[in-house]
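User: Please look at the structure shown below and work through it with me. I would like each answer to set out its reasoning before it gives the value or name.

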Amino acid sequence: RDPAMKFFRNYTPSSGHWYFTLKDEKAQVKCAMFRNRNMRIKQIPDNGEKVRLRGKVSLYEGKGEYQVIVEHIESSGFGSDQIAFEKLKQKLFEEGLFSHEKKKPIPDYINNICLITSLNGAVIEDILKTLKRRCPLVEVFVIPAAVQGERAVIEICDAFEKIGRWKHQGLINFDTIILARGGGSIEDLSAFNDETLARTIFSCNIPVISAIGHEVDVSISDLVSDLRAAT
């Protein structure tokens, strides 16, 4: 019942049961809340929100894992990550970084694309397969960058700096840029809620497409980019 624990939804199957993870700075625990219990909840917690809950510890024998079977859950206020996200979102909105009038149009005809993403994981394969199927004549140049962890913002901003420098030197001018990574918690997506990266995207003179996380995930990078698209 520690109010410092944060709620992160993993998935909800067709059965209607909830499967989620509680996290704090030191630990995490998997939880399940069955439909006959969660259907009574008036306010569903958001990812990253602090919660209080009541439940009992159980052993999931199929995987040999302990989990909490939750009987009741309620909000204990926003987590610090969510509060920081909302504050930055409001600040950049007031400065006009999300303004539709300032968004650059994506060209109707594209010859080349620069993809900024990690070389690990399924995201790069999904995007390359989709591009090959839909527009096989388009050239794709990949700049690898960390998309999570301490180096992520630095490496992504460096990638944008390289693109601008190559254009200035007349080496290559991309028609558009795709910035992408898979889904995750608000902590996993923290690089894409960074103010420095947001301003880097906004100042880029090449149209930027943001493909961050799942459809339900909304990052600052999504809001400041010229177009948001599903990965």
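Analyst: A residue is called buried under 20% relative accessible area, exposed over 50%, and partly exposed in between. The model discussed here is predicted.

User: Is Glu65 buried, partly exposed or exposed?

Analyst: The limits that matter are 20% and 50%, with the middle class lying between them. Glu65 has a relative accessibility of 29%, and therefore counts as partly exposed.

User: Which residue meets Glu65 in a salt bridge?

Analyst: The side chains concerned approach to 3.4 Å, N to O, and the partner of Glu65 is Lys30. Glu65 belongs to strand 5 (residues 65-78) and Lys30 to strand 3 (residues 28-33), so the pair ties together parts that are 35 residues apart in sequence. At 41% relative accessibility the partner also counts as partly exposed, and the residue asked for is Lys30.

User: How many residues apart in sequence are the parts that the salt bridge between Glu71 and Arg54 ties together?

Analyst: Glu71 is partly exposed at 28% relative accessibility, and Arg54 is partly exposed with a relative accessible area of 41%. The closest N and O atoms of this salt bridge between Glu71 and Arg54 are 3.7 Å apart. Because Glu71 lies in strand 5 and Arg54 in strand 4 (residues 49-60), the separation in sequence of the parts tied together is 17 residues.

User: Is Gln67, which has its place in strand 5, buried or exposed?

Analyst: Leaving aside neighbours within four places in sequence, Gln67 is in contact with Lys30, Ala32, Lys56, Val57, Ser58 and Tyr60. The relative accessibility of Gln67 is 16%, and since the limit is 20%, Gln67 counts as buried.

User: Which strands stand at the edges of the open sheet of five strands?

Analyst: The strands of this sheet follow the order 7-6-8-9-10, with parallel pairing. Two of them have a single partner strand each, so one side of each is left without a neighbour in the sheet, and these are strand 7 (139-144) and strand 10 (227-228).

User: What angle does the direction of helix 3 make with that of strand 6?

Analyst: Strand 6 and strand 7 pair in the parallel sense over six bridges, and in strand 7 the bridge partner of Leu115 is Val142. Helix 3 (residues 123-134) packs on the sheet, where it touches strand 6, strand 7 and strand 8. The angle between the direction of helix 3 and that of strand 6 is about 165°.

User: How far apart in space are Val140 and Ser203, C-alpha to C-alpha?

Analyst: Val140 lies in strand 7 and is partly exposed, with a relative accessible area of 32%. Leaving aside neighbours within four places in sequence, the contacts of Val140 are Ile113, Leu115, Leu128 and Leu131. Val140 and Ser203 are 63 residues apart in sequence, and their C-alpha separation in space is 22 Å.

User: Which element supplies the largest share of the largest nonpolar core?

Analyst: This core has 35 residues, of which Ile116, Phe160, Ile177 and Leu179 touch the most other members. At least two residues each come from helix 2 (80-95), strand 6 (112-117), helix 4 (152-168), strand 8 (176-181), helix 5 (195-203), strand 9 (208-212) and helix 6 (220-224). The largest share is eight residues, and it comes from helix 4.

User: What distance does helix 4 reach from its first C-alpha to its last?

Analyst: Helix 4 lies across strand 6, strand 7, strand 8 and strand 9, running at about 155° to strand 6. Its buried residues are Ala152, Val153, Ile156, Cys157, Ala159, Phe160, Ile163 and Trp166, and what covers them includes strand 6, strand 7, strand 8, helix 5 and strand 9. With 17 residues at 1.5 Å a residue, the expected reach is 24 Å, to which the value in the model is close, namely 25 Å.

Technical notes: Residues are numbered from 1 along each chain as its sequence is written. This is a predicted model: local features need pLDDT of at least 70, side-chain atom pairs count only at pLDDT 80 or more; totals for chains, interfaces and linings use all residues. Side-chain values use heavy atoms; hydrogens and water are left out. A nonpolar core is a set of buried Ala, Val, Leu, Ile, Met, Phe, Trp, Tyr and Cys residues joined through side-chain atoms within 4.5 Å. Buried means under 20% relative accessible area, exposed over 50%, partly exposed in between (1.4 Å probe, protein chains only). Helices (H or I, at least four residues) and strands (E, at least two) are DSSP runs, numbered from the N terminus. Two strands pair if DSSP finds at least two bridges between them. Contact means heavy atoms within 4.5 Å. Axes are lines fitted to C-alpha atoms, for helices over the stretch in contact, and angles run from 0 to 180 degrees between N-to-C directions. A salt bridge is a side-chain nitrogen of Lys or Arg within 4 Å of a carboxyl oxygen of Asp or Glu. The expected span of a helix is 1.5 Å times one less than its number of residues.
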